[in-house]
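Visitor: I would like a close look at one part of this structure, the sheet. Could you walk me through how its strands sit beside one another?

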Amino acid sequence: MSAMEKNALYYIWLQHVLGFGSAKIRTVLRFYKTPEEFYRASIAEKRMLGCFTKSELNAFEKFSLENCRSVIDRCERLHYNIITLADPQYPQRLKEIYNPPCVLYCQGELPDIDKSLCIAVVGTRMATQEGVRTAFSFAAGLTQAGAVVVSGGARGIDSASHRGALQAGGTTLCVLGCGINYRYLPENAPMRSLITKQGALVSEYPPDTPPLARNFPMRNRIISGLCSGVVIIEAGEKSGSLITADLALEQGRDVFAVPGSITSAVTGGSNSLIKQGAKPVTCCKDILEEYMDTDTLPPADFLKEVQTPAYKQADIVKDTAQRDNRHKALPVDLPEDISDDARTLFAALSEIPVHTDTLIQKTGLPAGRVLPALTQLELLGLVKPCSGRRYSK
C-alpha cells in the first residue's frame, strides 16, 4: 500500500467512527499528528480526551480497517479520487470551516478552489420557469466571468445552475448528499457525466452511499464552505437552501438573494433573507462587482462582458470533444426516461421558434401539461426559450 493510500485509509476510518460532519475531528488532530497515531492509541488514552460518547468509543474498537480498504479499492475501480485533509489539493477554504469533512471523494478535476472565485447557486427543487431561467442565466454569466459555480445536483434551481455553467463552457462543481456512484436522480445522469468533464462531482460519502435525508443538510456546509458567496434563487420559508444560507453566514461567506413575488410560496424564504441583510441581486453583475478587487477573477473587463445576455443559448453536448461545435444541432436520441409529453413536444419543435399556443394546437396536449414538459426539455438542454413564450430546438 502506497503512503497516499495509507493516509487515506486512516482518514476514512476517522470519518466513519466519528460520523460525517463531526467537529471532534479537529480535537483529534489537535492532540495527534495523524489519524493513524490516534487509531493506534489505546482505548483508555482515547477516553482520556473526555469528548467521546460511549457509542463512539465502541466504534473505535469495532469499525475495521478492512472496511476502509474496501472503500479505497472501490474508488480505484471507479477511477474516483480520494482527497484527505492532509492532501495539498484539499481546499484551504473548506479546511477552515467548523467541521470540515475528513475525506472528499471526487470524480473529475477539482479546480484550485483557493485561487478561484467560487459561487454557490442554490434554491428550491419546486422551481418556477422564471426561477429556472434565472439560475441558468446567473450561472452562465458567472462562469463567463471566470467563476466556478457550485451547487447540489438536485432538481429545480440546482440543476438549472449546473446546466447554465455547462452550456457557457464553464466550470461547475456538484456536491452530492450521497455517494458519487449512486444513481441519484437518473434523469440527471447525462448532466453529471458532463460535470465530470467540466468540473467535478464531490461527496464526503463513500461511492455507493444512498441519499439519506440526513445527508443533505450536512452536504450544504460543503457547498457554502467551498465558496466565497452563496446566491439563493427561489426558496420557500422552510427550504433547505436557507440552511445553506445560515451555514454561509456562520462561515463568513457573502449571501445574495434574488427578490421574488411577495405572494409566491417559493420566494418567501429568499425575500426574508433580504430583510435580514442579504444583498438583493437581479443579475450576475450584482454579484461579480463584490469581487472586483480580488485576484480570483481574470483581469479582463468581465463586468462589460456580462452586461450582454448571460449566455449564448448553446446546444448542450454529450461529449466535451464536441465543445467547439456547440452551435450544431442536437443528436435526436432522447433520454429513455423522458416523459411522453416531452417526446411529443420535441418532435413538434424545430430550429424556428414556435409559440406555446401553436404547440398546444399542434400536439393536442393540454396547456397544463405543455409547460412542465417544456421545462423538462429545457433542463435537459434540448430546447431553448425565446422571447414571447416561444421555444425552439
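Guide: Start at Asn81, whose bridge partner in E2 is Cys106. That pair belongs to a join between E1 and strand E2 (residues 103-108), which run antiparallel and are linked by 4 bridges. Keep in mind as we go that this is a predicted model.

Now step across to the other neighbor of E2. E2 and E6 also pair in the antiparallel sense, over 4 bridges, and here Gln107 stands opposite Leu201 in E6. Beyond that comes a parallel pairing: strand E5 (residues 171-175) and strand E6 (residues 199-203) are held by 4 bridges, with Leu173 opposite Ala200 in E6.

Stepping back, you can place these pairs in the whole sheet, an open one of 9 strands with mixed pairing, in the order E1-E2-E6-E5-E4-E3-E7-E8-E9. Its edges are strand E1 (81-84) and strand E9 (279-280), each pairing on one side only.

Something also lies across this sheet: helix H8 (residues 129-144) crosses strand E3 (118-123), strand E4 (148-151), E5 and strand E7 (229-233), and H8 runs at about 155 degrees to E7.

Since we met a cysteine at the start, let us finish with that topic. A disulfide is a covalent bond between the sulfur atoms of two cysteines. A search of the whole structure finds 0 disulfides. Take Cys227: the nearest cysteine sulfur, that of Cys118, is 5.5 Å away, whereas the cut-off for a disulfide is within 2.5 Å. Cys227 is buried, with a relative accessible area of 0%, and Cys68 is buried too, with a value of 0%.

Definitions and conventions
Residues numbered from 1 in each chain as written. Predicted model: local features only at pLDDT ≥ 70, side-chain atom pairs only at ≥ 80, totals over all residues. Heavy atoms only, no water. Pairing = 2+ DSSP bridges. Helix = DSSP H or I, 4+ residues; strand = E, 2+ residues; numbered from the N terminus. Contact = heavy atoms within 4.5 Å. Axes fitted to C-alpha atoms, helices over the stretch in contact; angles between N-to-C directions. Buried < 20%, exposed > 50% of the residue type's maximum accessible area, 1.4 Å probe, protein only.
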